[in-house]
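Here is a short tour to read with the model open beside you. It starts with the overall layout and then moves in towards single residues.

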Amino acid sequence: MRTDERLHRVEERPAVSGLPRMSRTRVWLFWLTVAVYVAIVVGVLTTSKLVTLDWQVMLWRPYKQWPQIHAFLDYFVVLGQRGPTAVMVLAWLGWRSWRHRTLHPLLVLGSSLLLLNITVGAVKYGLGRLGPHYATTVGSAEMFAGGDIFPSGHTANAVVTWGVLAYLARTERARRIGSVISALLALGVGATTVYLGTHWVSDVLLGWAAGLLILLALPWFEPAMARAEEAISAGWERMRHRSRVPQVVPALQPAVTTARTAQEGEPSRQTVGAGTRGAPAAPSGSTSAPHVPGRPPIGRHDRTPLTPGGSRRPPGDRPVRPAPPLVHQQVRGRGVAG
């Protein structure tokens, strides 16, 4: 690609200066969230009052308190499932990437989901906590028992997936509105899992903290995402350049051959045999081209000559034939005198 085309594409891409940066406030929020995360894990491991709260809510059985909203919450909790939410957000960010000619929104979504799977998945299977429906001992933390619910994946996914939309907002006002909406969705999904009895309260609290940590840490990964975008764009341009095949115009060759033949004095294929419509067919042995019926015949002087370029032999090399001698010819009934 030429340099001027690259500069033109760079000018078309939107500036990313409005994206959140790792400011001092953001750093403080990040480390404060880390402290809350560690405190929740320690509180569950030591079977503190947080575990007691888990059991009190579980034994209260919220799903039996308001049965009229149970059906609605069964559908609402889908907003925290990774598959459906990822498809919806991917469709929107894919359109934005195509519109602004940049892969940045897709890279942000991919990076956040990758971090979510690594961090949340590792803690889930490392601690192995059982859910409320599979608990064995009242008052116990149910840790290291082969479960996979701590922290809540639905809650963390809701925080990250919907929070990415607020993170990628192009204006400050849109970012604030998006943050409020994503926070309400994350709170609603977490509370719904507790109501349905699929998670402990501490699972949801740790899921909120895990998702918030990923959103706060995204600016640290911006340089890596920028390098990845440059590498993908360069690879795509190289692949397009290799796929280009030089186009050959074969239609020019017959025209050049016809012009060269006319200069050398040979009869052109376009003139030989190209008669006129309506003329009678030429007799056998005649060198003139037959006329195509459908057009009135023309005079001999109007016909196209067979050899438009004349004879190949120059005039100086032609042999001079002597004129035949005059002889007396006798015609029936009359004589011709010399």
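## Layout of the chain

From the N terminus on, the elements of this predicted model run α-α-α-α-α-α-α-α-α-α-α-β-β. That makes 11 helices and two strands. The chain has 338 residues, and buried ones make up 32% of them. If you look at contacts between residues at least 6 apart in sequence, 68% join residues at least 24 apart.

## Three helices and their spans

The table sets the end-to-end reach of three helices beside the expected value.

| Helix | Residues in helix | First to last C-alpha | Expected span |
|---|---|---|---|
| α6 | 24 residues | 34 Å | 34 Å |
| α8 | 25 residues | 36 Å | 36 Å |
| α9 | 17 residues | 25 Å | 24 Å |

For α6, the reach is close to what 1.5 Å a residue would give, and the same can be said of α8. The two figures for α9 agree as well. Helix α9 is mostly covered, with 14 of its 17 residues buried.

What comes right after two of these helices? α6 is followed by G128, whose phi is positive, near 60°. Just after α8 sits G197, which takes a positive phi of about 80°.

## Helix α8 and its partners

Helix α8 covers residues 172-196. Its buried residues include R175, G178, S182, A186 and V189, and the list runs on through G190, T192, T193, V194, Y195 and L196. Which helices do these buried residues pack against? They pack against α3 (49-60), α4 (70-76), α7 (153-167) and α9 (201-217).

S182 makes a good residue to zoom in on, and it lies in helix α8. Is S182 buried or exposed? Its relative accessible area is 9%, and the cut-off for buried is under 20%, so S182 counts as buried. Leaving aside neighbours within four places in sequence, S182 is in contact with W162, G163 and A166. A polar atom of the S182 side chain also lies 3.0 Å from the backbone oxygen of S179.

## The second largest pocket

S179 turns up again in the second largest pocket, where S179, R26, L212, L215 and L216 lie nearest the centre. In total, 20 residues line this pocket. The elements that give two or more residues to its lining are α2, α7, α8 and α9. Which element gives the largest share of the lining? That is α8, with six residues. The volume of the pocket is about 470 Å³.

## The largest nonpolar core

The largest nonpolar core has 44 residues, and the members that touch the most others are Y37, V44, V108, L116, F150 and V164. Elements giving two or more residues to this core are α2 (24-45), α3, α5 (82-100), α6 (104-127), α7, α8 and α9.

Take Y37 as an example: which residues is it in contact with, leaving aside neighbours within four places in sequence? They are V123, L206, A209, A210 and L213.

F150, another of those core members, has a backbone detail to check. The peptide bond from F150 to P151 is cis, with omega near 5°. P151 has its place in the loop between α6 and α7.

## Loops worth a look

Y134 is also in the loop between α6 and α7. With a relative accessible area of 63%, Y134 is exposed. Y134 and T198 are 64 residues apart in sequence, and their C-alpha atoms are 9.5 Å apart in space.

Two other loop residues have a positive phi. T47 lies in the loop between α2 and α3; its phi is about 55°, although T47 is not a glycine. R101 is found in the loop between α5 and α6, and R101 likewise has a positive phi of about 55° without being a glycine.

How accessible are T47 and R101? T47 has a relative accessible area of 41% and is partly exposed. R101, at 46% relative accessibility, also counts as partly exposed.

Technical notes. Residues are numbered from 1 along each chain as its sequence is written. This is a predicted model: local features need pLDDT of at least 70, side-chain atom pairs count only at pLDDT 80 or more; totals for chains, interfaces and linings use all residues. Side-chain values use heavy atoms; hydrogens and water are left out. Helices (H or I, at least four residues) and strands (E, at least two) are DSSP runs, numbered from the N terminus. The expected span of a helix is 1.5 Å times one less than its number of residues. Buried means under 20% relative accessible area, exposed over 50%, partly exposed in between (1.4 Å probe, protein chains only). Contact means heavy atoms within 4.5 Å. A polar contact is a pair of N or O atoms within 3.5 Å; within protein, one must be able to donate a hydrogen and the other to accept it, and residues adjacent in sequence count only if both atoms are side-chain atoms. A nonpolar core is a set of buried Ala, Val, Leu, Ile, Met, Phe, Trp, Tyr and Cys residues joined through side-chain atoms within 4.5 Å. On a 1 Å grid over the protein atoms alone, a cavity is a set of points where a 1.4 Å probe fits but cannot get out, and a pocket is an open set with protein on both sides within 12 Å along at least five of seven lines; lining residues have an atom within 4 Å of a point. Grid points are joined across faces, edges and corners, and a volume is the space filled by probe spheres set on the points.
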